[in-house]
Amino acid sequence: MAFSPWRKRPAPRGRYTPNLWPVWLVAPAALALALLLGWGIYQYAHDYFAQAAADQKPPKPVNVNDVLKATVTALTLVGAVLAGLYAYRKQLLSEGDAHRADASQLADRYTTAAEQLGHDQAAVRLAGVYALARLADEWEEQRQVCIDVLCAYLRMPYQPDPEAAGHKAGEREVRWTIIRVIRNHLNDPAAPTSWCTHSLDFTGATFDGGDLSYSHFLGAADFRNAVFSDGTVYFNDATFAGGTVHFNDATFSGGTVHFNDATFSGGTVVFSGATFAGGTVYFDGATFSGGTVTFNIATFSGGTVHFNDATFSGGRVYFNDATFSGGTVHFGIATFSSDMVYFDGATFSGGTVTFNRATFADGAVAFIGATFSDGTVDFRGASFSGGTVAFIGATFSDGTVTFNGATISAGAVAFSNATFSGGTVTFRATRFSGGTVYFDDATFSAGAVHFNRATFAAGAVHFNDATFSGGTVTFDDATISAGAVNFDDVTFGGTVFSWGPLSVPAGA
């Protein structure tokens, strides 16, 4: 191989070793450059002082000492700048070495903590949990990785029954500790070690307890296919302000989940496809001012969901296409001031949905296209000063919808295009001081609609274009001092009416 003086020396092995020119080549070049720079500065200084001397009266000769002093001063300044740059470069290299040393140490700590999590003894696993949490606080670049490992531990197969095969002694305490550590990092979004915006993956995990109260979910949390079979999981006073929490296809077969006094101001909680076969979910006192909770295609065969005393001022709750064969959903004393609750396409073959003493000042509750073959929807004692409750296009073959003792002063309750082939809708002792109830284009072939002891002081009830071929409609002991009950263009063909104080319409 031919020798070339310009060839760089082979780069030494090592990731951070600089690839430099040979010293015997760089040193003469640097010296020549310094001499050239000095000569240039000297010539510039000489010309400057010569011009200054020539401008004097009478002209004076150039003082060589002044030229040399200026040249040395300039070279000293250049040297100081170069020395500073060199020191700065050296500091950067030193900091890089320190950073690499820290990263290596943190990686070693990560390996140790991960090994502790896999230990047979619970005490060692607990130490691994705390070690990994502390490492996440100190190692911001890999914080998400540490969080992922803790979440992955909860996703591992778990046998809570001490008598069953595969049970690990102390495992429940380890898992609850992980949940507690996660909660502590979700309490303060402004903390430098906050995990609020990080992803939490609990897919398929088994929960038999844990406390995530006062947490702030600003990122994504995934409980898809999780199993709540026992114990209690708390999300009390939690804030969902932008992130998404997924409970899709989760199973609630015995445990309890609390969202009491939680705030949904922009985030989303998804229970779509979840199965409630025995557990309980509480949203009591929760505030929905912009977020969304969805129970679409969920199955309620025995569990209970509580929205008692909740406030709906902007968010939405969806139960579209859900199946109610036994469970209960409570909206007792809830306040609806500008919100939507949808049960569109839901199937009620059992179970109960209650809005007892709820207040409807705006917004809507929609059962559009729902099917009622059993079960109960209860609005007893509710107050309607605005908003809409819609059963448009619903099918009633059995079951009960009751507005007993409700007060309707504004807003609307709509059964337009509904089909009544069974079941009962009751407005017993309901007070109408405004608002409108629509049965327009409804079909009555069986079942019953009762307005017994209702008071009509204003407002209207419309049966316009309805078809009556069976069933019963009663107004016994009703009081009508104002308002109207309209049967325009109705087809009468078999329904039994008890008109009470109403005038019998033509054709009835």
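These legends accompany several close-up views of a predicted model.

**View 1. A nonpolar patch on the surface.**
Let us start on the outside, where Leu37, Leu75, Val78 and Leu82 form a nonpolar patch. Together these four side chains offer about 300 Å² of accessible area. Helix α2, which runs over residues 64–117, supplies the largest share of the patch, with 3 residues. Leucine 82 is a good residue to look for here, and it lies in helix α2. Its relative accessibility is 53%, so leucine 82 counts as exposed, the cut-off being over 50%.

**View 2. A salt bridge between aspartate 201 and arginine 155.**
Side chains of opposite charge can pair when their charged atoms come close. A search of the whole structure finds 9 salt bridges. One of them joins aspartate 201 to arginine 155, with the closest N and O atoms 3.7 Å apart. This pair links distant parts of the chain: aspartate 201 belongs to strand β1 (residues 200–201) and arginine 155 to helix α4 (residues 143–155), with their positions 46 residues apart in sequence. How accessible are the two partners, aspartate 201 and arginine 155? Aspartate 201 has a relative accessible area of 30% and is partly exposed, and arginine 155, at 32%, is partly exposed as well.

**View 3. A salt bridge between arginine 183 and aspartate 211.**
Here arginine 183 forms a salt bridge with aspartate 211, and the closest N and O atoms are 3.5 Å apart. Arginine 183 sits in helix α5 (residues 171–184) and aspartate 211 in strand β3 (residues 210–211), so the bridge ties together parts that are 28 residues apart in sequence. Is arginine 183 buried or exposed? With a relative accessibility of 16%, arginine 183 counts as buried because the limit is under 20%. Its partner, aspartate 211, is partly exposed at 28%.

**View 4. A salt bridge between arginine 380 and aspartate 378.**
In this view the side chains of arginine 380 and aspartate 378 meet in a salt bridge, with 2.7 Å from N to O. Do take a look at the setting of each partner. Aspartate 378 is buried, with a relative accessible area of 3%, whereas arginine 380 is partly exposed at 43%.

**View 5. A network of salt bridges.**
Which residues are linked in a network of salt bridges? The members are Arg109, Arg134 and Glu138.

**View 6. The largest pocket.**
The largest pocket in the model has a volume of about 260 Å³. It is lined by 15 residues, and those closest to its centre are Tyr153, Met156, Pro157, Lys168 and Glu171. Which element gives the most to the lining of the largest pocket? That is α4, with 3 residues. Sorted by class, the lining holds 7 nonpolar, 5 polar and 3 charged residues.

**View 7. Valine 413 and valine 437.**
Our last stop is valine 413, found in strand β31, which covers residues 407–414. Valine 413 is buried, with a relative accessible area of 1%. Valine 437 lies 24 residues away from valine 413 along the chain, yet their C-alpha atoms are separated by 4.7 Å.

Technical notes. Residues are numbered from 1 along each chain as its sequence is written. This is a predicted model: local features need pLDDT of at least 70, side-chain atom pairs count only at pLDDT 80 or more; totals for chains, interfaces and linings use all residues. Side-chain values use heavy atoms; hydrogens and water are left out. Patches are made of residues with over 30% relative accessible area and no salt bridge: like charges are joined within 9 Å, nonpolar side chains (Val, Leu, Ile, Met, Phe, Trp, Tyr) within 5 Å. Accessible areas come from the Shrake-Rupley method with a 1.4 Å probe; for residues, only the protein chains shown count as cover. Helices (H or I, at least four residues) and strands (E, at least two) are DSSP runs, numbered from the N terminus. Buried means under 20% relative accessible area, exposed over 50%, partly exposed in between (1.4 Å probe, protein chains only). On a 1 Å grid over the protein atoms alone, a cavity is a set of points where a 1.4 Å probe fits but cannot get out, and a pocket is an open set with protein on both sides within 12 Å along at least five of seven lines; lining residues have an atom within 4 Å of a point. Grid points are joined across faces, edges and corners, and a volume is the space filled by probe spheres set on the points. Ala, Val, Leu, Ile, Met, Phe, Trp, Tyr, Cys and Pro count as nonpolar, Asp, Glu, Lys and Arg as charged, and the others, Gly among them, as polar.
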